[in-house]
Amino acid sequence: MNLVIDIGNTRAKLAVFKQDKLVFSLISDHEDINKNIDKLQEEYSLKNCILSSVTNILTDMELKKFEKFVQLDHKTSVPFKNIYNTPMTLGVDRIALASAAVHKYPKQNVLVIDSGTCITYDFINSKIEYLGGAISPGINLRYKSLNQFTANLPLLEQASYKLIGTDTNSSIHSGVLNGFIQEINGIIKQYNSEFSNLTVVLTGGDTNFLAKKLKSSIFANPNFLLEGLNSILIYNLNE
């Protein structure tokens, strides 16, 4: 049984896998991570662990109780060829998403769209090469930027919207959300024009919202990053 830990800036996701099947997952506050690891370790007799983190909350010493422990970075062995020009700057989340794409859709052209704080686009071609992609502001960042960099626009949260805003608030919602959706549709269209038989995967916190709005045929999978981390762990176990 494998433990997958994905630590973000504010919270963490912990998941238990039996081979490549997700058995259990939870979201944890940072202060509860070690307690939750101990609880899962006791319940599932976990042997192997992979950690993806943007913080230094957990250390190697705290995780050495596992038979195999992998802390993901740009030097970790992965099941694809990384031809990104600056691999040392590639986020661990994007590495995990690329690995998931290779594992779930082998030898296919795959565009992974991860919508969270930022929206990232990651492309893996049919030769199992990671080429790169794009990074763009997520929905909440767009709302915050309108408030922070203007004198009079309010800070809003995501809400229902229509094409034509009839007051300031509805105009902001229309601009942010319609613009966000049209950006994604446009980028998918560009990739489709350049790469045949493109598979598009949507993941991240906005998965449910976007899956209903996008014109293209997509595979929506909110657990895609966790699955990618687990595939990297399995890959390193078999090396």
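Two strands count as a pair here if DSSP finds at least two bridges between them. Helices (H or I, at least four residues) and strands (E, at least two) are DSSP runs, numbered from the N terminus. The views below show a predicted model, so to speak of local features requires pLDDT of at least 70, side-chain atom pairs count only at pLDDT 80 or more, and totals for chains, interfaces and linings use all residues. Residues are numbered from 1 along each chain as its sequence is written, and side-chain values use heavy atoms, with hydrogens and water left out.

**View A. The whole chain, for orientation.**
The chain contains six helices and eleven strands. Along the principal axes, its C-alpha atoms fill a box of roughly 60 × 45 × 30 Å. The radius of gyration (taken over C-alpha atoms; the globule rule is 2.2 Å times the number of residues to the power 0.38) is 19 Å, which agrees with the value near 18 Å for a compact globule of 239 residues. Of the 239 residues, 45% are buried; buried means under 20% relative accessible area, exposed over 50%, and partly exposed in between (1.4 Å probe, protein chains only). About 12700 Å² of the chain is exposed, and carbon and sulfur atoms supply 48% of that area. Accessible areas come from the Shrake-Rupley method with a 1.4 Å probe, and for residues only the protein chains shown count as cover. Contact means heavy atoms within 4.5 Å. Among the contacts in the chain with a separation of 6 or more, 51% are between residues 24 or more positions apart.

**View B. The six-stranded sheet and its helix.**
Six strands make an open sheet with mixed pairing, in the order β6-β9-β8-β7-β10-β11. Its edges are β6 (81-82) and β11 (219-220), each of which pairs on one side only. Helix α4 (residues 168-194) packs on this sheet and touches β7, β8, β9 (129-137) and β10 (198-203). The direction of α4 makes about 10° with that of β8. Axes are lines fitted to C-alpha atoms, for helices over the stretch in contact, and angles run from 0 to 180 degrees between N-to-C directions.

**View C. Strand β8 and its two partners.**
Strands of a sheet pair through backbone hydrogen bonds, either parallel or antiparallel. Strand β7 (residues 109-115) and strand β8 (residues 118-124) run antiparallel and are joined by six bridges. Look for Asp114, whose bridge partner in β8 is Thr120. A hairpin of two residues links β7 to β8. With β9, β8 shares seven bridges, again antiparallel, and here Ile119 has Ser136 of β9 as its bridge partner. The β8-β9 hairpin has four residues between its strands, and Ile128 in the turn has a positive phi of about 60°. β8 itself is mostly covered, with six of its seven residues buried.

**View D. The five-stranded sheet and helix α1.**
A second open sheet takes five strands in the order β3-β2-β1-β4-β5, with mixed pairing. Its edge strands, β3 (21-29) and β5 (68-71), each pair on one side only. From one strand to the next, the twist averages 15°. Strand β2 (residues 11-18) pairs with β3 in the antiparallel sense over eight bridges, and Lys18 stands opposite Lys21 in β3. Helix α1 (residues 33-44) packs on the sheet, touching β1 (2-7), β2 and β3, and its direction makes about 155° with that of β3.

**View E. Two loop residues with positive phi.**
Lys107 lies in the loop between α2 (92-104) and β7. Phi of Lys107 is near 55°, a positive value in a residue other than glycine. Lys107 counts as exposed because its relative accessibility is 64%. Asn197, in the loop between α4 and β10, also departs from glycine in type while having a positive phi, near 50°. With a relative accessible area of 69%, Asn197 is exposed.

**View F. Asn221 and its surroundings.**
Asn221 sits in the loop between β11 and α6 (224-237). Its relative accessibility is 15%, so Asn221 counts as buried. Leaving aside neighbours within four places in sequence, Asn221 contacts Leu202, Thr203, Thr207 and Glu227. From Asn221 to Ala211 is ten residues in sequence and 9.8 Å in space, C-alpha to C-alpha.

**View G. Cysteines without a disulfide.**
The structure has zero disulfides, a disulfide being a pair of cysteine sulfur atoms within 2.5 Å. Cys49 is buried, at a relative accessible area of 0%, whereas Cys118 is partly exposed, at 34%.
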